[in-house]
Amino acid sequence: MDEYLLLKTVHILSSTLLFGTGLGTAFHGFMANRSGDLAARRIVNRNVVIADWLFTTPAVILQPVTGVWLARIAGYPLTTDWLAAAIVLYLFVGACWLPVVGIQIEMRRIVDRLADGEGLPARYFTLSRTWFCSAGPPLPACSQSSG
């Protein structure tokens, strides 16, 4: 396998991993919070943070490295319109993702501190809604007023 094809394969697989992990953690987080079960919330919040470290973070690193490398091999300047737009979009999405990581960690801390049978504080529900809606503001659950 030549260098370009190998890089392209890694680039595509890492983008798939990035997108799939995001969808998977959003689904499981939403369903665990919807269940009302503290134990489920504990497990899912821990796993969401772990998934980010194991899958999302390496993919976030691989995407620009393989993307720039591919562009160089193919002879595309990074200032090519579509490539520059992709870089700007990537940086924008990354800037949105970093606060979400903090939200995930805070949600995990909140549920880990609670004793069984203890109610969740309002802050948890605010964080949960912000976390879920950061992935998909047009989703019906995000367009409703909180109450």
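**Entry 1. Cysteines**

How many disulfides does the structure hold? I looked this up at the outset and found zero disulfides. The model is a predicted one, and I read the entries below accordingly. I then turned to C96 and C133. The cysteine sulfur closest to that of C96 belongs to C133, and the distance is 14 Å, so a bond is ruled out as too far. A disulfide would require the two sulfur atoms to lie within 2.5 Å.

I also noted the exposure of both residues. C96 counts as partly exposed because its relative accessibility is 39%. C133 counts as buried, since its relative accessibility is 14%. I located C133 in helix α4. From C133 to N47 the chain runs 86 residues, and I find their C-alpha atoms separated by 19 Å.

**Entry 2. Confidence**

I checked the pLDDT before going further. The protein chain has a mean pLDDT of 89, and 91% of its residues reach 70 or more. Which element has the lowest mean pLDDT? I find that helix α5, residues 140-143, has the lowest mean at 61, while α2 has the highest at 94. Where pLDDT is low, the predicted coordinates should not be read in detail. I therefore leave α5, with its mean pLDDT of 61, without further comment.

**Entry 3. Helix α1**

I compared the expected and actual spans of helix α1, residues 3-35. Its 33 residues should span 48 Å at 1.5 Å a residue, and the end C-alpha atoms are 47 Å apart, so the two values agree. I listed the buried residues of α1 as L7, S14, T21, T25, A26, G29, A32 and N33. Just after α1, I find G36 with a positive phi of about 80°.

**Entry 4. Helix α2**

I began at the N-terminal end of α2, which is capped by D37. A side-chain oxygen of D37 lies 2.9 Å from the backbone nitrogen of A39. Following the helix, residues 38-74, I compared its spans: 37 residues at 1.5 Å a residue should cover 54 Å, and the end C-alpha atoms are 51 Å apart, which agrees. Where does α2 bend? I find a bend of about 40° at D52. After α2 comes G75, whose phi is positive, near 85°.

Two residues of α2 before the bend residue were looked up in turn. V49 is found in this helix and counts as buried because its relative accessibility is 4%. Beyond its neighbours within four places in sequence, V49 is in contact with Q104, I105 and R108. V49 lies 20 Å from P121, C-alpha to C-alpha, across 72 residues of sequence. I50, also found in α2, counts as partly exposed, given a relative accessibility of 43%. I50 and V65 are 15 residues apart in sequence and 23 Å apart in space, C-alpha to C-alpha.

**Entry 5. Q63**

Is Q63 buried or exposed? Q63 is buried, with a relative accessible area of 11%, and its place is in helix α2. I looked for a polar partner and found the backbone oxygen of H11, 2.8 Å from a polar atom of the Q63 side chain. Residues up to four places away in sequence set aside, Q63 touches H11, S14, S15, L18 and Y90. One of these, S14, is among the buried residues of α1.

**Entry 6. Helix α3 and Q104**

I repeated the span comparison for α3. Its 33 residues should span 48 Å at 1.5 Å a residue; the end C-alpha atoms are 49 Å apart, so the values agree. The buried residues of α3 are L83, V100, V101, I103, Q104, I105, M107, I110 and V111.

I selected Q104 from this list; its place is in α3, residues 81-113. Q104 is buried, with a relative accessible area of 5%. Which residues does Q104 touch, not counting residues up to four places away in sequence? I find V48, V49, D52 and W131. D52, in that set, is the residue at which α2 bends.

**Entry 7. R123**

I ended with R123, found in helix α4, residues 122-135. R123 touches E106 and I110, residues up to four places away in sequence not being counted. I110 is one of the buried residues of α3. The C-alpha atoms of R123 and C133 are separated by 15 Å, with the two residues ten apart along the chain.

Methods: Residues numbered from 1 in each chain as written. Heavy atoms only, no water. Helix = DSSP H or I, 4+ residues; strand = E, 2+ residues; numbered from the N terminus. Buried < 20%, exposed > 50% of the residue type's maximum accessible area, 1.4 Å probe, protein only. Contact = heavy atoms within 4.5 Å. Expected span 1.5 Å × (residues − 1). Bend = angle between axes of the 7 residues up to and from the residue. Polar contact = N/O pair within 3.5 Å; in protein donor to acceptor, adjacent residues only side chain to side chain. pLDDT = per-residue confidence, 0-100.
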